[in-house]
Structures are given as structure tokens and as C-alpha cells.
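Let's take a walk through a protein model together. Have the sequence and the 3D view ready, and we'll go from the overall layout down to single residues.

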Amino acid sequence: MQHPSLAALMITGLVSTSFGCASTDAGSRSSNDSVALPDRTTLSMENILRWPLEGETGYASLVGALNSLPGMSDVAPAYLMTRQPVTLGDGYMVDFVSIQKKSQHIDIGVDTDACVDPVSLQAFVPATQSKSTEDIHGRDVGRVYWSINNGTVVKFRSMPGTRKCVDSISIYRRHSNEP
């Protein structure tokens, strides 16, 4: 069975995004409002973390699902982005998504008010916890958890200070065993 290439899936996503209808009430939406996805079983926190680790097909599935999020728009020349909070099918909430067009590097902001525990996300993927919580300047940067499979790195980071709440997820391709 032949699978569509990542480029073909991205073009499809870009075309469907380009011809989609623009919302006229975006300015009246409060930043605390969340839009539930129409198909709440498709995109979940577990899928965000697992799909890219499955290889090209999983990565393309994630990019396609993220491209269909409410508010996703083309930020020329380099990004696709939404800053519209979205409640995923499993109840987790993300407050922004950014996809770099060329590299397909994905950054996702996790709702910090809900305080998603890093241990709960480790149940979805076998993530290694960083040993340090400081950058080279000695500033607390929280704790980083990462998993690598099929040339893809999935990282999530806990907030500085408490280290109890995940604030971001980064997903990108890597060609070594270190994130």
C-alpha cells in the first residue's frame, strides 16, 4: 500500500486552509475561551506525543490534524500558527500551535492553568527526564522530558519553579540519539 508523502499531505493542508472560511468573530472571542474540536476522538494529548514517534506516517497525521485546528493560519513565509485555545478530545487544552513549514518543527503551548503533570504525559510515551533544571547561566528552566524514535524527538517541558506543570511540547526530526 502506498502512503502519501509528507509534502503531499502538507500541500493538501495548505490548500484546504487557504480555501477555508475565515471567522468574523475572532476579535470578539476572549483569550480564555476554548473551542472544542468537531471530531473529539481524533486529536488527543496521547496522539500528539505518540504519532510523531511512529515515523513519517504518524508525523504527517499529526501535522494534518494540527492544520485542521480552529484558527490555524498561514504566517508567511515560514509558519502555520494558531493562538486560539483548543480543547482536545481527551480534555487537555492547548493554547497555541506553531508549525515551521520547511522543517515541520512543531511547538505546542499547553494550558498552564490546568497544570498537566509531566508524569501523566510519561504514561503516553517512554520519556527520559533531564537531570538539570538550569541553563548555562544558572537560571531555572524547569525540567525537560524527551523521547526519540524513528528520527523524531518529542520533548515536553515543565514550568520553572514548581516543575509540576507542563507548559510546552516541541516535536522535531533529529538524526542522532541525543535531543
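What follows starts with the whole chain, then visits a helix, some strands and a few loops.

First, some ground rules: this is a predicted model, where local features need pLDDT of at least 70 and side-chain atom pairs count only at pLDDT 80 or more, while totals for chains, interfaces and linings use all residues. Residues are numbered from 1 along each chain as its sequence is written, and side-chain values use heavy atoms, with hydrogens and water left out.

Let's begin with the big picture. The chain has four helices and 10 strands; here helices (H or I, at least four residues) and strands (E, at least two) are DSSP runs, numbered from the N terminus. Follow the sequence and you meet them in the order α-β-α-α-β-β-β-β-β-α-β-β-β-β. Of the chain's 179 residues, 39% are buried, where buried means under 20% relative accessible area, exposed means over 50%, and partly exposed is in between (1.4 Å probe, protein chains only). The accessible surface comes to about 9900 Å², and 54% of that belongs to carbon and sulfur atoms; such areas come from the Shrake-Rupley method with a 1.4 Å probe, and for residues only the protein chains shown count as cover. As for contacts (heavy atoms within 4.5 Å), residues 24 or more positions apart account for 48% of those with a separation of 6 or more.

Now find helix α3, residues 56-67. How far apart are its end C-alpha atoms? They are 16 Å apart, which agrees with the 16 Å that its 12 residues should span at 1.5 Å a residue; the expected span is 1.5 Å times one less than the number of residues. Its buried residues include Y59, L62 and L66.

Y59 gives us a path to strand β9, because T152 touches Y59 and sits in that strand. T152 counts as buried because its relative accessibility is 2%. Leaving aside neighbours within four places in sequence, T152 also has contacts with P52, L53, S147, I171, Y172, R173 and R174. The C-alpha atoms of T152 and R174 are separated by 5.4 Å, although the two are 22 residues apart along the chain.

Next up is strand β6, where four of the five residues are buried. Five bridges join β6 to β5 (residues 93-100), and the two run antiparallel; strands pair if DSSP finds at least two bridges between them. One bridge matches V94 with V110 in β6. The two strands form a hairpin with five residues between them, and Q104 in the turn has a positive phi of about 65°. β6 is also joined to β10 (residues 166-173) by four bridges, again antiparallel, with G109 opposite S168.

Finally, the loops. Between β2 (73-75) and β3 (79-82) you'll find P77, which is joined to A76 by a cis peptide bond with omega about 0°. C115 lies in the loop between β6 and α4 (118-122), and its phi is positive, about 50°, although it is not a glycine. N150, in the loop between β8 (144-149) and β9, also has a positive phi of about 50° without being a glycine. Are these two buried or exposed? C115 counts as partly exposed at 35% relative accessibility, and N150 counts as partly exposed at 49%. S130, in the loop between β7 (128-129) and β8, is buried at 16%.
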